[in-house]
Amino acid sequence: MCGIIGYVGSKNAPAILIEGLKKLEYRGYDSAGIAVLKNNKTIITKEKGTICKLEEKLKENMSTTGIGHTRWATHGVPNKINSHPHKVENITIVHNGIIENYLELKEKLINKGYNFKSDTDSEVACALICDLFKEKNDMQKVLEEFKKITRGAYAIGVLIDGVEDKIYAIRNKSPLIIGVSEEENFIASDVPAILEYTNKYILLEDMDIAIIGKNDISIFRSNKKIKNDIKIFDKKVDKIDKNGYKHFMLKEINEQPDVIRRTIESFSKKDLPNLTKYEKIDIVACGSAYHAGLIGEHLLSKKLKAVITTHIASEYRYKDINPNFKTLVIVISQSGETADSLEVIKKANEKNIDTLGIINVYKSSIAREVKYLVYTKAGFEISVATTKAYLSQITTFALMVNSKLNKEEIVKAINKTLKLEQDCINIAKKIKNQENLFFIGRGIDHYIGLEGSLKLKEISYIHSEAYPAGELKHGTISLVSKNTPFIATITDEVISEKTISNIKEVKARDGNITLIATEDIKVNEDYYDSLIQIPKVQKDLQPLLAIIILQLISYHTARLRGCDIDKPRNLAKSVTVE
Ligand code: AGP
C-alpha cells in the first residue's frame, strides 16, 4: 500500500527518493510522485503507473530536500491528479492512510475559499495543514491541532515552501520511521527503504510529531520534546532478484523446500507462552494468513483443551473479548503491518490479554507490539500473492503441536511435489478459459481449498468458490451442469470416503473433477477427470503438499491468461489501511 520516503541532507534528493520508492514497490501501488525543494518552492513530478515512468519524467533538479510517495488508490481513481505529493499554496504533503472525516473537513475548507483538484482525502489534509499554518505559523503547533481535528489513520510528510532543509512528519496508525545518518536524515514507511544509507532509525509512535533537519531531529510526544531513541536494524535484507524465474511468485513457490527447512530449524518452543494455561485461543488474521489460521485451529484443537476459534481481523477488532476467560490472541501476518491485525493486537494489549505473533517481517509493527513472537522464516516475499510465507505459517502451527517434525522427509516430499509442475500446467490449460470454478474438500482439505481459491482469484481473476464438500447439496449444487469445473482435494483419509461421495454427486451431474489426492487414497477413476497424486507425509504436514499444487495451478492459469502475476490489479502487498 502507499509508501513514503523523505530525504534531507546534502546529496541529490531526487535520486535518493526514486531509489527509496523502488524499495517500497513491493507494497503495491498504482502511481508515484516526488516533491523537491528548490529556490524556496517545491517542484512536484508525479505520474500514473510505474516508478520507471516517473523517473523518465524527472527533469535535472538538483535539490537536497524532498519527499516521495507510491500511491495505492483509496479515494479517487489511480490518475496523476489523485497521486501524491499534493500541494496547497505553500504546503506540500505525502500521506499514507485514510482521513475518515475528510468530507466534513472538505466542506469547511471549501466554505473558507479552498478549491480541490483531486478526489482524495490527502489533498484535504494538505489544505487543512495549509489553513492551520496561516493561523499558527509553526508547523509543530499545526500538527498538534491537526491531530485533534482529524479522524483516521495517517503517516504524513510535509514540506513548506521557503523552508529548504526541513521535513515535518506525523503518524497515527500508519507506519513511519525516521532514518538517522551523518549530516542527512530520512523518513520512510519501513526500514529497508533506507538501509542503503543507514541502519539507524527511530520508530515514531502514534501521534508523534517530528521535525527533521540534516543535522537535527526533534520528536514531540504529547506536546513535549522527547529524547531520541535510536535503534539499530541488525539484519541483512535479502537481495531482490528473480533468480532466473519469470516471476517472483514462481521463484517463491520453488523456495519452499528451503523455507520449510529454515522454519523447522529455527523454531523454538521457548518463544511460545505455555499454551495449556489458556481457556480460549483466538487466532486472528486476514486473507491467506486467515486460511493458515484455520489450519492452525484444526491442529491446535487436537492438542489443547482451550476453545480455539479463527477470526478475520477486520471483524474481530470490533468485537468484545470476553474478559471471563484466560485468553491468548494469536495474530498471523506476513508483513506485520496489516492495519486490521495490528489494531487487534493493540486492543488486546490495552485489555492486558496475552498476544502471540506469527510474523514474517523482522521488527515490523505487529512484531513490535506482541508479547510473544515467532518469526516465520520465509525470507523476503515480493509477490503480492503469498506462497512461501503461508507455507511457513502452517508449518509453525504444525511445530506448535509437534516440534519434532521429520524435516528431511518433508523437504524431499516438497521437492517431489514441485516436480509435478507439468501436471499443474495441464490443469491450468483446462481451466484457463473458465469463468467460475469450485474448490471442494472437507476439514483441513476445505481450508486448503479456501487458500487455493483465493490464489486463483487474486492472480488469474477467475471467480471461484471454496466449499466444504458436504455443504454443496444444501444449495450450491444447483449451479452444477455439464463440465462445471471442480478442484477437489483429499489428503485426510479419515474423511476421504465422505468427500468421494460428494465428488460422485458432482460427477452424476456431469461436473468436471480435477482431483488432488495423497497417493495412498484410492479413488475409482470413474469419479474424476484428472488426477494429481501427491506424496504421503506425516499427517500434520500433508496440507503443505496439496497447497503447492494449488499454487502452481493458479500461477500457470494466470500466466496462460497473460495476467500481471506479481502485481495483480487492485492489490497491495501490505494492507496498511482499514
Ligand atoms: C494473499 O495472497 C494475499 N495477498 C492477502 O490475502 C494477505 O495474505 C493478507 O492481506 C494478509 O497479509 P499479512 O499476512 O501481511 O497480514
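Trainee: Where does Glu-89 lie in this predicted model?

Mentor: Glu-89 deserves a careful look, since its phi is positive, at about 50 degrees, although Glu-89 is not a glycine. As for its place in the chain, Glu-89 lies in the loop between β5 and β6 (91–99).

Trainee: Which peptide bond is cis, with omega near 0 degrees?

Mentor: Look at the loop between β4 (65–71) and β5 (86–88), which is the place of Pro-85. The cis bond, with its omega near 0 degrees, leads into this proline and runs from His-84 to Pro-85.

Trainee: Which pocket does the ligand sit in, and which elements give two or more residues to the shell around the ligand?

Mentor: The ligand sits in the second largest pocket. Two or more residues of the shell around the ligand come from each of these elements, α8 (287–303) and α15 (444–460).

Trainee: How much of the ligand does the protein bury?

Mentor: Begin with the polar contacts, among them a polar side-chain atom of Thr-338 that lies 2.4 Å from an oxygen atom of the ligand. An N or O atom in the side chain of Lys-455 is 3.1 Å from an oxygen atom of the ligand, while Ser-288 places a backbone N or O atom 3.2 Å from a ligand oxygen. Taken alone the ligand exposes 410 Å², and of that area the protein buries 90%.

Trainee: How many residues of each class does the shell around the ligand have?

Mentor: There are 15 residues around the ligand, and those that come nearest are Ser-333, Gln-334, Ser-335, Thr-338 and Glu-458. Domain 2 (236–405) and domain 3 (418–565) each supply at least three residues to this shell. Sorted by class, the shell has six nonpolar, seven polar and two charged residues.

Note on methods:
Residues numbered from 1 in each chain as written. Predicted model: local features only at pLDDT ≥ 70, side-chain atom pairs only at ≥ 80, totals over all residues. Heavy atoms only, no water. Near = heavy atom within 4 Å. Polar contact = N/O pair within 3.5 Å; in protein donor to acceptor, adjacent residues only side chain to side chain. Areas by Shrake-Rupley, 256 points an atom, 1.4 Å probe, with all protein chains shown as cover. 1 Å grid on protein atoms, 1.4 Å probe; cavity = no way out; pocket = protein on both sides within 12 Å on 5 of 7 lines; lining within 4 Å. Sits in = over half its atoms within 2 Å of the grid points. Helix = DSSP H or I, 4+ residues; strand = E, 2+ residues; numbered from the N terminus. Nonpolar A, V, L, I, M, F, W, Y, C, P; charged D, E, K, R; others polar. Domains from an automatic or database assignment.
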